[in-house]
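This report covers two topics: a set of paired strands and the surroundings of a ligand. The structure is shown below.

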Amino acid sequence: MKKIIVAIDGYSACGKSTTAKAVARQLAYSYVDSGAMYRATTLFFLQNQINIAEVKQVDNALKAIHIEFVFDEKEQVSHTHLNGLNVEQEIRKMYVSDKVSEVSALPQVRNAMRYNQQKLGSLRGIVMDGRDIGTVVFPDAELKIFMIASMEVRVQRRLLELQQKNEQATAAQIQENLLHRDHLDTHRSENPLRKASDAFELDTSHISFDEQVDFILKLAHQKIYATV
Ligand code: CDP
């Protein structure tokens, strides 16, 4: 059976990663959270006090970063590992969220991530979510989805997510972080977030999780079984 690439892009907290994970499970594809790669890189930069204005420092840091997704059999999910350590929880914290879009705007960082992401998708049969997956990483992806949701819904979703992890953050702090990242992600010169011309838009403000997943699965099946 033909294997395709499903590229899911969109703003933060629109439900991309939960939806992408469910789609990948249903298709028996692998799932790659490209945001986790940018987050792990940011964590490394913060831990090692890398000055992002210093090109050489950034280059050396990138050479010292090894990111892997390790499947946890017990939990049946993949965890992000940075240089052999599980950083899945740490990279979701607000202090990383506050810096990630500045680190992600660096051309060297984007080149390094894109190289690794393209390697991960070289055999197709993959669902990847992020900001530039359908536009830059896999412009030839068979299926591209652009997810959006209202700011109110996005803030509530992120608040719930952080509360479930016992992370302290107010709705106002979350909204400020989302607006700040939206601005940086859409205005950076290198690969800004934008909808690919051939992407299907999916507004998740008022539909259920199952409806979101079904919307993508239907399109994926059409592409997989298409004869041309
Ligand atoms: O989880 P959330 O939706 O908030 O964001 P994420 O997918 O974890 O991505 C975190 C940040 O990484 C984004 O705000 C972008 O600045 C950056 N990113 C990117 O530039 N390109 C990607 N393909 C994925 C993430």
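## Strand hairpins and ligand shell

Strands E4 and E5 make a hairpin with 2 residues between them, and Asn83 in that turn has a positive phi of about 45°. The model is a predicted one. E5 covers residues 85–86 and runs antiparallel to E4, to which it is joined by 2 bridges. Within this pairing, Leu82 has Leu85 of E5 as its bridge partner.

E4 also pairs with E3. Strand E3 spans residues 67–72 and strand E4 residues 77–82, and their antiparallel pairing runs over 6 bridges. Here the bridge partner of Ile67 is Leu82 in E4. Leu82 is thus bridged to Ile67 and to Leu85. E3 and E4 likewise form a hairpin, with 4 residues between them. In the turn of that hairpin, Gln76 has a positive phi of about 60°.

The second topic is the ligand. There are 19 residues around the ligand, of which Arg39, Ser101, Arg110, Arg158 and Asp185 come nearest. By class, this shell holds 9 charged, 6 polar and 4 nonpolar residues. Helix H2 (34–47), helix H4 (94–104) and helix H8 (171–187) each contribute at least two residues to the shell. H2 gives the most, with 4 residues.

Three side chains with polar atoms facing a ligand oxygen atom are listed here.

| Residue | Distance from a polar side-chain atom to a ligand oxygen atom |
|---|---|
| Arg181 | 2.9 Å |
| Asp185 | 2.6 Å |
| Arg188 | 2.9 Å |

The ligand taken alone exposes 520 Å², and the protein buries 96% of that area.

Arg39 is among the residues that come nearest to the ligand, and it lies in helix H2. Is Arg39 buried or exposed? Arg39 is buried, because its relative accessible area of 9% falls under the 20% cut-off. Leaving aside residues up to four places away in sequence, Arg39 touches Ile91, Arg92, Val96, Ser97, Val100, Arg158 and Arg181. One of these, Ser97, is joined to Arg39 by a side-chain polar contact of 3.1 Å. Another, Arg92, is 53 residues from Arg39 along the chain, yet their C-alpha atoms are separated by 7.6 Å. Arg158, also touched by Arg39, is itself one of the residues nearest to the ligand. Arg181 is touched by Arg39 as well, and a polar atom of the Arg181 side chain is 2.9 Å from a ligand oxygen atom.

Terms used: Residues are numbered from 1 along each chain as its sequence is written. This is a predicted model: local features need pLDDT of at least 70, side-chain atom pairs count only at pLDDT 80 or more; totals for chains, interfaces and linings use all residues. Side-chain values use heavy atoms; hydrogens and water are left out. Two strands pair if DSSP finds at least two bridges between them. A residue is near a molecule or strand if one of its heavy atoms lies within 4 Å of it. A polar contact is a pair of N or O atoms within 3.5 Å; within protein, one must be able to donate a hydrogen and the other to accept it, and residues adjacent in sequence count only if both atoms are side-chain atoms. Accessible areas come from the Shrake-Rupley method with a 1.4 Å probe; for residues, only the protein chains shown count as cover. Ala, Val, Leu, Ile, Met, Phe, Trp, Tyr, Cys and Pro count as nonpolar, Asp, Glu, Lys and Arg as charged, and the others, Gly among them, as polar. Buried means under 20% relative accessible area, exposed over 50%, partly exposed in between (1.4 Å probe, protein chains only). Contact means heavy atoms within 4.5 Å.
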